[in-house]
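Visitor: Could you walk me through this one? I'd like to know how the labels people use are justified.

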Amino acid sequence: MKKNLATLAVLLMASASVAAQPNSKQLSSGGYPVNPVPFTHVHIAEGTFWGQRLQASQDITIPLAFSKSEETGRYTNFSNAAQHIKDASKTFEVKKGTYSFDDTDPYKTIEGASYLLQTYPNAKFKGGRLDKYVDSVVAVIASGQEPDGYLYTSRTQNPQHPHEWAGSKRWERVEDLSHEFYNLGHLCEAAVAHYYATGKKNFLDVAIKYADCVCREVGDKPGQASVVPGHQIAEMGLAKLYIATGDKKYLEQAKFFLDKRGKKDPNWKRTRDGLYDKDGYYHSMGDYSQSHKPVIEQDEAVGHAVRAGYMYAGMADIAALTGDKDYIKAIDAIWDNIVTKKYYITGGVGATASGEAFGANYELPNMSAYCETCAAIAQVYLNYRLFLLHGESKYYDALERSLYNGVISGVSLDGGRFFYPNPLESMGQHQRQAWFGCACCPSNIARFIPSIPGYFYQTKDNDVYVNLYCSNTADLTVNGKKLTLKQETGYPWNGNINITVDKTSAGQFNMRLRIPGWVRGKVVPSDLYSYADNKQLSYSVTVNGTPVEAELKDGYFGIDRKWKKGDKVVLHLDMQPRIVTALENVEADRGRVAVERGPIVYCAEFPDNNFDLGAMMLCQKPQFEMKESSMTIKADDGQHTYQFNGLTTAAQTLNYDEKGHLTVKDVTLNLIPYYAWNHRGSGRMLVWLPYELRSTSPAKPATIASKSRLTVSTRTAAVSAINDRLLPKNANDKSVPYYHWWPKQGGTEWLQYELPTATQLSSSSVYWYDDGPWGGCRVPKAWRILYKDEAGQWQPVKNKDEYVVRKGNLNTVHFEPVTTKTIRMEVDLPDDNSAGLFEWEVE
């Protein structure tokens with residue numbers, strides 16, 4: 001593969017067109033009511049909170065993502081397509097187990113690398129320069145593009161036998177699973193970033209050709225395919241391409257994709273396979289893909305949380321860039337629904353793994369929370385665009401919460417391991433992975449983290465918005481005049497922020513400092529969460545040592561004056577640990593509190609607490625002590641130590657003794673930032689901490705099952721759920737761990753206990769896991785109990801009653817007593833579903 005890549009690079013890079021550096025005025029305008037300040041103008045200081053994250057991206061994440069693209073054949077797909085384009089007799093098998101969106105992994109990694117090159121212009125990869133390697137990959141990608149601009153290797157490699165999701169012709173299944181427009185969206189995003197970072201048009205030209213192909217072939221004109229993206233992001237990508245090129249047809253195409261969505265044609269024909277129009281194009285209608293109604297009629301966040309987030313960000317683009325009042329009304333209503341009813345304290349979204357989707361209003365479970373990393377990133381995109389539309393700090397309050405918690409929890413501190421879901425509670429069944437076959441989250445992290453410098457500042461007329469805090473230097477333009485600001489701070493660990501006017505020809509302007517909602521007593525921009533400790537935090541501002549006062553407007557402290565070089569602003573934000581309660585409507589959080597300090601949400605994790613966290617209860621008036629802490633983790637290149645501020649507080653644990661009496665013990669509870677959990681092995685973790693008796697679960701005495709050695713036919717991280725002594729409240733309760741055999745169907749699986757000593761047993765009970773009708777697990781066809789006799793042979797027990805199979809209850813079988821050290825349960829899976837269980841008990 002390396003040889004193929006190098007060969008194609010040499011042949012193709014010679015034709016790469018290079019332009020002068022893009023015009024910075026164009027980049028900082030683009031038609032939004034508030035002007036973005038591009039990532040190319042902000043430089044984060046090394047060793048800071050975000051500087052460490054950028055360093056990890058350079059050292060680990062970006063090289064890993066590029067290497068995985070090579071190892072998994074992403075580049076080979078483009079070179080195969082190139083060979084078919086040159087010689088139509090050459091076709092290549094589209095491998096089973098690949099995805100129709102695999103092309104986007106190189107796109108997203110190039111995007112991240114492009115952002116990164118602004119911070120590390122001399123970055124290396126594989127012994128050479130990173131920018132040269134990026135050019136070689138761009139050349140390989142360009143080689144797989146068809147002459148008319150179509151770029152989709154899942155078809156071009158083998159047009160007669162394309163990927164199983166591709167459909168028989170272009171765009172046929174784009175509303176289903178072909179992802180042709182999804183690929184376009186990521187291509188545009190990456191190409192524009194590459195152009196802004198390098199000034200080169202080689203990748204931008206590729207994106208323009210594909211976008212032009214789509215604009216020609218897709219629309220409402222005769223002969224065009226009237227289809228919309230199945231998985232959204234093309235809307236965002238085309239809006240970004242419009243801003244970069246000034247060509248309005250890309251914005252119009254983005255708006256067409258949104259305008260057309262959810263509009264059902266009565267002439268479509270329904271088949272067993274779905275809805276089709278007269279030209280044979282498939283159409284999707286439903287909540288999952290946000291196509292249940294026209295977008296301007298939508299007012300609730302529904303369906304797949306990543307698709308939704310990208311679509312909502314695209315709607316915000318259209319609202320901001322066109323001023324369309326219907327779009328503004330719709331996206332404002334959807335955002336309000338998210339932050340008032342569907343928003344996790346960590347800034348994550350997506351309550352359920354079923355459809356990776358938003359749940360019902362106030363459905364915010366913790367253990368089973370999906371909170372996909374990509375969905376948190378999409379929330380950053382949405383809130384950023386809504387700020388560019390409205391200029392109100394509440395959008396950055398939400399953005400910051402997602403950024404410091406729900407996004408960066410998705411990647412390890414060293415940048416080399418990843419979460420797909422980000423739950424708010426764990427029993428040890430979750431762990432970061434080095435990569436995923438469906439690699440959307442790792443590659444999304446690869447592109448997003450390096451882009452963070454572009455979120456710090458914005459301008460509008462005479463206003464300069466300072467929205468995020470981290471040591472950095474920023475080159476801005478205010479009313480056409482140059483300004484350089486230097487920011488120095490230890491944020492998010494302390495609230496002392498120094499901003500110096502390093503250079504200026506701007507004269508008078510209004511510096512608008514965001515006073516975060518957590519300082520002003522607002523956890524989120526709604527009543528979904530509230531502070532429960534009656535603390536009143538304060539802030540102060542000085543200019544050149546003199547205190548200044550101003551009335552907050554839209555959450556901003558404005559300093560409107562004639563500025564000169566050397567002027568220094570000191571912003572102090574009072575930063576104290578706070579306890580947070582959720583609205584009573586959120587069932588999962590009743591009787592519990594979360595703890596946060598500044599923008600950081602904290603959690604309790606097993607390595608720091610040598611007691612059962614589920615049996616713990618916080619004091620009614622907890623007092624917290626902050627301590628400088630560190631965490632040493634192992635990585636491929638050795639051990640790394642990371643610093644953070646931890647918290648400690650007094651708590652109690654409730655336990656049942658062997659006689660069943662309730663006992664109480666005083667303990668010290670240690671808390672770490674939520675983003676840092678799961679670096680020291682897998683075990684218990686809680687964000688929402690028991691605060692009332694109704695929410696704690698006193699530790700139960702050990703049982704025969706809990707004291708036994710458990711083995712299973714199929715081992716997963718959730719195996720500990722089988723004998724953890726936790727039962728659900730009902731069949732739909734996902735707040736306790738469960739074990740399942742998904743995706744296995746049919747056949748027989750088994751579990752067995754090896755007891756410490758030979759014990760007489762006479763009954764066994766099991767609570768089945770069944771997530772029907774939408775999930776893949778059902779109660780089994782049958783089950784049975786066997787034991788090992790003295791000769792070591794398996795024997796069935798002689799049951800006294802039937803092996804019942806009921807959902808939502810303990811299923812108990814009594815049998816004639818047996819004395820054994822080993823007992824087994826065999827389970828016959830349904831023919832067309834899998835099965836699982838919450839608990840297996842023996843007595």
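Visitor: How do you know that Leu513 is in contact with Val466 and Tyr469?
Guide: This is a predicted model, and the check is a distance: contact needs heavy atoms within 4.5 Å. Leaving aside neighbours within four places in sequence, Leu513 passes that test with Val466 and Tyr469, and also with others including Ile499, Val541, Tyr556 and Phe557. Leu513 is also one of the residues with the most contacts inside the largest nonpolar core, which has 229 residues. A second, separate core has 28 residues, among them Trp783 and Trp840.

Visitor: Why is Asn678 called buried?
Guide: Buried means under 20% relative accessible area. Asn678 has 10% relative accessibility, so Asn678 counts as buried.

Visitor: What makes the link between the side chain of Asn678 and the backbone oxygen of His430 a polar contact?
Guide: The cut-off for a pair of N or O atoms is 3.5 Å. The side chain of Asn678 reaches the backbone oxygen of His430 at 3.3 Å, so that pair makes it. A polar atom of the same side chain lies 3.4 Å from the backbone oxygen of Gly681, so that one qualifies too.

Visitor: Where is Asn678 found?
Guide: Asn678 sits in the loop between strand S26 (662–673) and strand S27 (684–686).

Visitor: And which residues does Val804 touch?
Guide: Val804 is in the loop between strand S33 (794–796) and strand S34 (810–828). Not counting residues up to four places away in sequence, Val804 touches Trp768, Trp783, Asn811 and Thr812.

Notes. Residues are numbered from 1 along each chain as its sequence is written. This is a predicted model: local features need pLDDT of at least 70, side-chain atom pairs count only at pLDDT 80 or more; totals for chains, interfaces and linings use all residues. Side-chain values use heavy atoms; hydrogens and water are left out. Helices (H or I, at least four residues) and strands (E, at least two) are DSSP runs, numbered from the N terminus. Buried means under 20% relative accessible area, exposed over 50%, partly exposed in between (1.4 Å probe, protein chains only). A polar contact is a pair of N or O atoms within 3.5 Å; within protein, one must be able to donate a hydrogen and the other to accept it, and residues adjacent in sequence count only if both atoms are side-chain atoms. A nonpolar core is a set of buried Ala, Val, Leu, Ile, Met, Phe, Trp, Tyr and Cys residues joined through side-chain atoms within 4.5 Å.
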